[in-house]
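Q: Please take a close look at the place where the ligand sits, and explain in connected sentences what surrounds the ligand there.

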Amino acid sequence: MPELRFPDGFLWGSATAAHQIEGGNVNNDWWAFEHDPRSPCLESSGDACDSFHRWPEDLDLVAGLGFGVYRFSLEWSRIEPAQDEWSLASLDHYRAICGGCRERNLVPVVTFHHFTTPRWLAGRGGWEAADAPERFARFCQRAVAHLGDLVGWACTLNEPNIVAMMGYGYGIFPPGLRDWDRRREVNGALCRAHRLGTEALRSGPGAFPVGLTLSMNDYQALAGGEDRLAELRGENEDVFLHSTAGDDFIGVQTYSRVRVDASGMLGPEPGVPVTQMGYEYWPESLEVTVRRAAAVTGLPVLITESGIGTDDDARRRRYVTEALAGVRRCLDDGIDVRGYVYWSLLDNFEWILGYRPTFGLVAVDRETFTRTPKPSAAWLGSVARANSLKT
Ligand code: GCO
């Protein structure tokens, strides 16, 4: 493969999410779910990576490796620990992280909801509470008033399709429901939350692009599976892609492929290697989903997550290399892709699977919290510095 150069100003970064790295997030629905004896969680998030205290070290790592972007999320339950009660100390904490990014020349990509919801709202029905979208918008408005002048890019909701599907359909995220009709309603509530949240974020201060991030798949129909595929993709992707009119960008996040026949989604194809998550190793999914997101929404694309859970770091490098070659082909075809943000900076709390899957560029000792960059970290950092991939 020849050298692949990326456009001037192309953003390179790495991502995290509050609940997966901070530790001690005791006031949200995930903490409650992790500690419910009926939950499928393999372990609790506990101290996570202790990033609530160690965030300066995390930012030093991101900047030192050569990246220009750090994507992270605000923990709503810290900022609004009870309804309409605002923690100025928590707002200051996140303002300091945004400021820490700026001091290190990192563009802060701030996510306002990454899977976790405060207990006070979860207790009133979570995303089924009639006023949940308004509550989310109110939180966005309060948070942006405190730190909006430092925000680089804003993501309203992270993967609302996963929140709805896993939480209300499959029952493996809180609130643990298995009811596809209710899931459909929650899809609607989340789209509304995105719209209201966007409006709130635009009230400023600050002037930054605002968008949604979506979990997408390379859906492939086997013979007879076309209708089922359209139905699945409609509920998992299209309803959200269609709620982005007027946004500034769409955040694409993808990990694999899903084959569909008349009976529904199939597991991995025999012979295709799988990752620690049990997904097919399928870096091609990035090119497919970037093309689809751009075509359906007409918006610029920021790849807000792409990565692999693996204990084989050379495999990580291969995966990213193949994924980036696909991004380059999208750019060649005139698709407006603004950047690539690797998931994740750190080995962290992978939801029901706990600390077992390792997506990080950087390993974290579970007892000392010592961070140890893997070879892929230096490699991807050098790609970022050169704005070019030599394969
Ligand atoms: C996501 C997630 C992350 C996961 C990652 C790997 O947005 O899906 O942001 O929280 O850790 O996807 O499964």
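A: What follows describes the ligand site, beginning with how the model should be read. This is a predicted model, in which local features need pLDDT of at least 70 and side-chain atom pairs count only at pLDDT 80 or more, while totals for chains, interfaces and linings use all residues. Residues are numbered from 1 along each chain as its sequence is written, and side-chain values use heavy atoms, with hydrogens and water left out.

The space taken by the ligand is the largest pocket, a pocket being, on a 1 Å grid over the protein atoms alone, an open set of points with protein on both sides within 12 Å along at least five of seven lines; a molecule sits in a pocket if more than half of its atoms lie within 2 Å of its grid points. Around the ligand there are 13 residues, of which Gln20, His114, Glu159, Glu305 and Glu350 come nearest, where a residue counts as near if one of its heavy atoms lies within 4 Å. This shell divides into six nonpolar, four polar and three charged residues, with Ala, Val, Leu, Ile, Met, Phe, Trp, Tyr, Cys and Pro counted as nonpolar, Asp, Glu, Lys and Arg as charged, and the others, Gly among them, as polar.

Turning to single atoms, a polar side-chain atom of glutamine 20 lies 2.7 Å from an oxygen atom of the ligand, asparagine 158 likewise places a polar side-chain atom 2.7 Å from a ligand oxygen, and for glutamate 350 the distance from such an atom to an oxygen of the ligand is 2.5 Å. The protein covers 96% of the 310 Å² of accessible area that the ligand has on its own, with areas computed by the Shrake-Rupley method with a 1.4 Å probe.

Notes:
A polar contact is a pair of N or O atoms within 3.5 Å; within protein, one must be able to donate a hydrogen and the other to accept it, and residues adjacent in sequence count only if both atoms are side-chain atoms. On a 1 Å grid over the protein atoms alone, a cavity is a set of points where a 1.4 Å probe fits but cannot get out, and a pocket is an open set with protein on both sides within 12 Å along at least five of seven lines; lining residues have an atom within 4 Å of a point.
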